[in-house]
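The following exercises concern strands, helices and cavities. Each task is followed by a solution that proceeds step by step.

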Amino acid sequence: MATVDNKHHAAGEVFDDTSGLRIIDLSDFEARKDEIAGQLISSAKDVGFFFVKGHGIPQSDVDKTFEYSKLFFDLPVSVKEKHPFDLDTFAGWRGLQELSEVTGTRLWEQFVAPVDRPSNPIAASKYPPNDLIPGFKQHVEEFQRKSQAVAAQLLRGLAIGLGLPEEYFQGGLDFDADDVATLLGFNYYPPTEGLWKAGDAFRLHGHADYNLITLLYRRAGEPGLELLPGKEAVADPRVKNQDIRGAWRGVPDNTANWVPAPPLEGTITVNIADILTRWTDGELRSTYHRVRSPDQANGESVGERRSLAHFVAPSRSFVVRSIKGTYPPITAGELIASEGHAYGSKFNDPEWQRIAYSTEGTTVAAAAARGRAGGARPEDLFPEEAPPIAVA
Ligand SMILES: O=C(O)CCC(=O)C(=O)O
Ligand SMILES: [Fe+2]
């Protein structure tokens with residue numbers, strides 16, 4: 001696993017050698033917030049992805065959450081299928097059946113865990129009975145509370161970086177709200193030994209996250225995440241007059257230059273997601289990303305892979321008003337549901353599935369990005385001109 005020592009300095013900033021992504025140190029935030037804000041905003045505008053260290057989340061909390069991931073996914077299908085994924089809320093379990101139909105095998109399973117609140121009857125019903133996994137729901141809540149505090153700090157920095165009041169993006173972030181919409185996504189990618197040749201398929205198709213900002217926790221020795229820096233269509237000025245509500249923006253270009261983002265010890269991988277893109281009129285980039293299947297020939301582990309995606313979102317009743325008025329006001333709850341339904345209908349389209357889960361067209365660019373001896377350079381992350389994006 002690469003570590004945060006695997007880095008070089010450019011203009012006083014720190015980059016990971018393999019991805020070219022910035023590693024932003026959040027320690028001593030209050031004293032350093034203007035400096036941090038500058039780094040955050042430049043990553044959020046140009047790339048949409050970055051790593052943070054000095055975030056204060058103990059590794060033991062992350063490890064414990066991964067242990068719960070194993071307990072959950074090890075449950076029999078007959079138990080998990082009692083808590084199906086729900087397109088209105090994005091919560092619940094999915095993966096097995098729909099992906100088996102496309103690939104003939106299982107690439108990805110996901111359980112998206114809500115925060116249980118009395119006014120949200122869906123939340124409790126998404127969890128297996130407590131005696132099957134004692135303490136699961138409570139741990140998920142405690143972990144999300146800590147992770148959301150990091151997200152709130154990042155959003156302060158981004159507001160400062162945009163020249164807005166520091167509190168600008170704090171609306172809707174009350175973790176104790178009855179209609180809290182923040183979710184913890186558990187991803188499980190089963191072992192691929194003997195299932196397919198390296199590069200024949202993706203574990204997770206290219207997508208942009210539906211929420212506000214995502215904090216992604218990953219494990220040592222489990223690469224595969226790739227991203228398309230700053231290329232999300234909703235951030236493109238050419239589509240800014242469209243109402244992005246419910247738009248599912250197709251399958252991202254497989255021939256484009258995807259950049260690998262390795263897991264870096266002690267860091268959280270952060271990405272801007274669609275609600276923040278909408279809120280900032282496309283200025284901050286909700287960037288396409290995907291998980292490539294392991295490349296055994298290059299020594300990558302074909303064992304299981306897990307990740308935790310903390311999908312931070314404003315409370316469902318919070319009204320998102322884009323700063324410059326590019327998009328009409330809409331509640332976060334409506335946005336989340338419309339993205340969910342757009343995703344659901346696309347997902348059931350066999351042609352979409354075929355393209356999303358095949359590496360057709362990726363070989364040259366993706367292999368070049370992966371094989372680059374010294375890793376991507378920071379300047380690779382700042383494409384001069386985005387190719388035209390079809391919006392019809
Ligand atoms: O597993 C990963 O590294 C990425 C997961 C992801 O993109 C998601 O859950 O939205
Ligand atoms: Fe994602």
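**Exercise 1. Describe the four-stranded sheet: strand order, pairing and edges.**

Step 1. The four strands form an open sheet in the order β8-β13-β10-β11, with antiparallel pairing. Strands (E, at least two residues) and helices (H or I, at least four) are DSSP runs numbered from the N terminus, and two strands pair if DSSP finds at least two bridges between them.

Step 2. The edges are β8 and β11 (259–260), each of which pairs on one side only.

Step 3. Strand β10 (residues 225–227) is joined to β11 by two bridges, and these strands run antiparallel. Within β11, Pro-260 is the bridge partner of Glu-226.

Basis of the solutions: this is a predicted model, in which local features need pLDDT of at least 70 and side-chain atom pairs count only at pLDDT 80 or more, while totals for chains, interfaces and linings use all residues. Residues are numbered from 1 along each chain as its sequence is written, chains are lettered from A and ligands numbered from 1 in the order in which they are written, and side-chain values use heavy atoms, with hydrogens and water left out.

**Exercise 2. Describe the eight-stranded sheet and the helices that lie on it.**

Step 1. The strand order of this open sheet is β3-β4-β12-β9-β14-β7-β6-β5, and its pairing is mixed. At its edges are β3 (23–25) and β5 (92–94), each pairing on one side only. From one strand to the next, the twist averages 25°.

Step 2. β3 and strand β4 (residues 49–53) run parallel and are joined by three bridges. Ile-23 has Phe-51 as its bridge partner in β4.

Step 3. Helix α1 (residues 29–46) lies across β3, β4 and β12 (268–272) and runs at about 160° to β3. Helix α6 (residues 136–161) also packs on the sheet, touching β4, β6 (109–114), β7, β9, β12 and β14. The direction of α6 makes about 125° with that of β9. Here contact means heavy atoms within 4.5 Å; axes are lines fitted to C-alpha atoms, for helices over the stretch in contact, and angles run from 0 to 180 degrees between N-to-C directions.

**Exercise 3. Determine how α1 and α6 are oriented to each other, and which residues make the contact.**

Step 1. The two axes, of α1 and α6, come within 7 Å and cross at roughly 75°.

Step 2. α1 and α6 are therefore roughly perpendicular to each other (angles of 65 to 115 degrees count as such, under 35 as roughly parallel, over 145 as roughly antiparallel and the rest as oblique).

Step 3. Among the contact residues are Phe-29, Ala-37 and Leu-40 of α1, and Leu-154, Leu-158 and Ile-160 of α6. By class, the contact has eight nonpolar, three polar and three charged residues (Ala, Val, Leu, Ile, Met, Phe, Trp, Tyr, Cys and Pro count as nonpolar, Asp, Glu, Lys and Arg as charged, and the others, Gly among them, as polar).

**Exercise 4. Characterise the largest cavity.**

Step 1. The largest cavity holds about 310 Å³ of space. A cavity is a set of points on a 1 Å grid over the protein atoms alone where a 1.4 Å probe fits but cannot get out, and lining residues have an atom within 4 Å of a point.

Step 2. Of the 26 lining residues, Leu-204, His-207, Asp-209, His-289 and Phe-311 are the closest to the centre.

Step 3. β14 contributes the most to this lining, with four residues. The lining of the largest cavity comprises 13 nonpolar, eight polar and five charged residues.

Conventions
On a 1 Å grid over the protein atoms alone, a cavity is a set of points where a 1.4 Å probe fits but cannot get out, and a pocket is an open set with protein on both sides within 12 Å along at least five of seven lines; lining residues have an atom within 4 Å of a point. Grid points are joined across faces, edges and corners, and a volume is the space filled by probe spheres set on the points.
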